[in-house]
Amino acid sequence: MIRKKAWRYYCEHCKKSKGTRQSMELHEEHCTANPNRKCRMCYGANAARNKRIVDEALAMFGGLTIPEDALGWDAYEKRETGILAFIDAEVEHCPACTLAAIRSCKVLNKEFCLLSWDYKEAADAWHKEALQNRRNEEQ
Ligand SMILES: [Zn+2]
Ligand SMILES: [Zn+2]
């Protein structure tokens, strides 16, 4: 019989855990819940930009989440999609950066955003476009 005790490494920013220090260090560096993350998709993210986008969204949209029944559905939907569109444009449509902003932006209703915007779909489209761009460059 082999009995083993092993260290488990947990992300400081989200609930993920891993079996090795290296793989957790790599995850934390890019974790979309880490305010100082580096982006693996667009390479454009840095702590200053992340903070600026969230601060601007907070200033533009009043700094608070507003419950749906306080606004009425139409105004509520318009507000949430407006914030989401603002973020998406600011990060130049990078899906990982959009997800990171959704996670850290306190004015947003995260559940609503993740229902109306699909990370996987956006990431697939992003990768497809990156591949297409690479092909065009090679020709
Ligand atoms: Zn994490
Ligand atoms: Zn990015």
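Hi everyone. Let's start with two points in space: the centres of domain 1 and domain 2, taken over C-alpha atoms, are separated by 22 Å. Before I go further, please keep in mind that this is a predicted model.

So where do those domains run? According to the domain assignment, domain 1 covers residues 7-37 and domain 2 covers residues 39-138. The two do touch: six residues of domain 1 are in contact with eleven residues of domain 2. If you look at the side of domain 1 that touches domain 2, you'll find two nonpolar residues, three polar ones and one charged one.

Now let's take in the whole protein. How many helices and strands does the secondary structure come to? There are seven helices and two strands. Walk along the sequence and you meet them in the pattern β-β-α-α-α-α-α-α-α.

What about the overall dimensions? Along its principal axes, the C-alpha trace spans about 65 × 50 × 30 Å. The radius of gyration is 18 Å, whereas a compact globule of 139 residues would have one near 14 Å. Of the 139 residues, 22% count as buried. And here is something about how the chain folds back on itself: take the contacts between residues at least 6 apart in sequence, and 53% of them join residues at least 24 apart.

Next, let's go inside. As a bit of background, nonpolar side chains tend to be buried together in soluble globular proteins. In our model, the largest nonpolar core has 18 residues, and the ones touching the most other members are Ile87, Cys97, Ala101 and Cys105. Which elements give two or more residues to this core? They are helix H2 (47-60), helix H4 (73-90) and helix H5 (95-104). H5 gives the most, with six residues.

H5 deserves a longer look. Nine of its ten residues are buried, so we can call H5 mostly covered, given that a residue counts as buried with 20 or more other C-beta atoms within 10 Å of its own. The buried ones are Pro95, Ala96, Cys97, Thr98, Leu99, Ala100, Ala101, Ile102 and Ser104. Which helices do they pack against? The buried residues of H5 pack against H2, H4, H6 and H7. For a close-up, find Ala101: leaving out residues up to four places away in sequence, Ala101 touches Ile53, Val54, Ile87 and Val91.

Let's put H7 beside that. Among the 20 residues of H7, the count of buried residues is zero, and the helix is hardly covered. You can also try a nice check on H7, which runs over residues 119-138. At 1.5 Å a residue, its 20 residues should span 28 Å, and the end C-alpha atoms are 29 Å apart, so the two values agree.

Now please turn to the loop between H4 and H5, where we find Glu92 and His93. What do their backbones have in common with each other? Glu92 is not a glycine, yet has a positive phi of about 55°. His93 is not a glycine either, and has a positive phi of about 65°. Are they buried or exposed? Glu92 counts as exposed because it has 10 C-beta neighbours inside 10 Å. His93 has 14 such neighbours inside 10 Å, so His93 counts as partly exposed.

Two more residues before I stop. Cys113 lies in helix H6, residues 110-116. Why does Cys113 count as buried? Because 20 other C-beta atoms lie within 10 Å, and 20 is where the buried class begins. Apart from residues up to four places away in sequence, Cys113 touches Glu80, Leu84, Ile102 and Leu108. Its C-alpha atom is separated by 15 Å from that of Thr32, 81 residues away along the chain.

The other one is Asp55, found in helix H2. Asp55 has 12 other C-beta atoms within 10 Å, so it is exposed. Asp55 and Val107 are 52 residues apart along the chain, and their C-alpha atoms are separated by 10.0 Å.

To finish, if you'd like two helices to hold in mind, take H5, with nine of its ten residues buried, and H7, with none. Thanks for listening!

Notes
Residues numbered from 1 in each chain as written. Chains lettered and ligands numbered in written order. Predicted model: local features only at pLDDT ≥ 70, side-chain atom pairs only at ≥ 80, totals over all residues. Helix = DSSP H or I, 4+ residues; strand = E, 2+ residues; numbered from the N terminus. Expected span 1.5 Å × (residues − 1). Core = buried A, V, L, I, M, F, W, Y, C linked by C-beta atoms within 7 Å. Contact = placed C-beta atoms within 7 Å. Domains from an automatic or database assignment. Nonpolar A, V, L, I, M, F, W, Y, C, P; charged D, E, K, R; others polar. Rg over C-alpha atoms; globule rule 2.2 N^0.38 Å.
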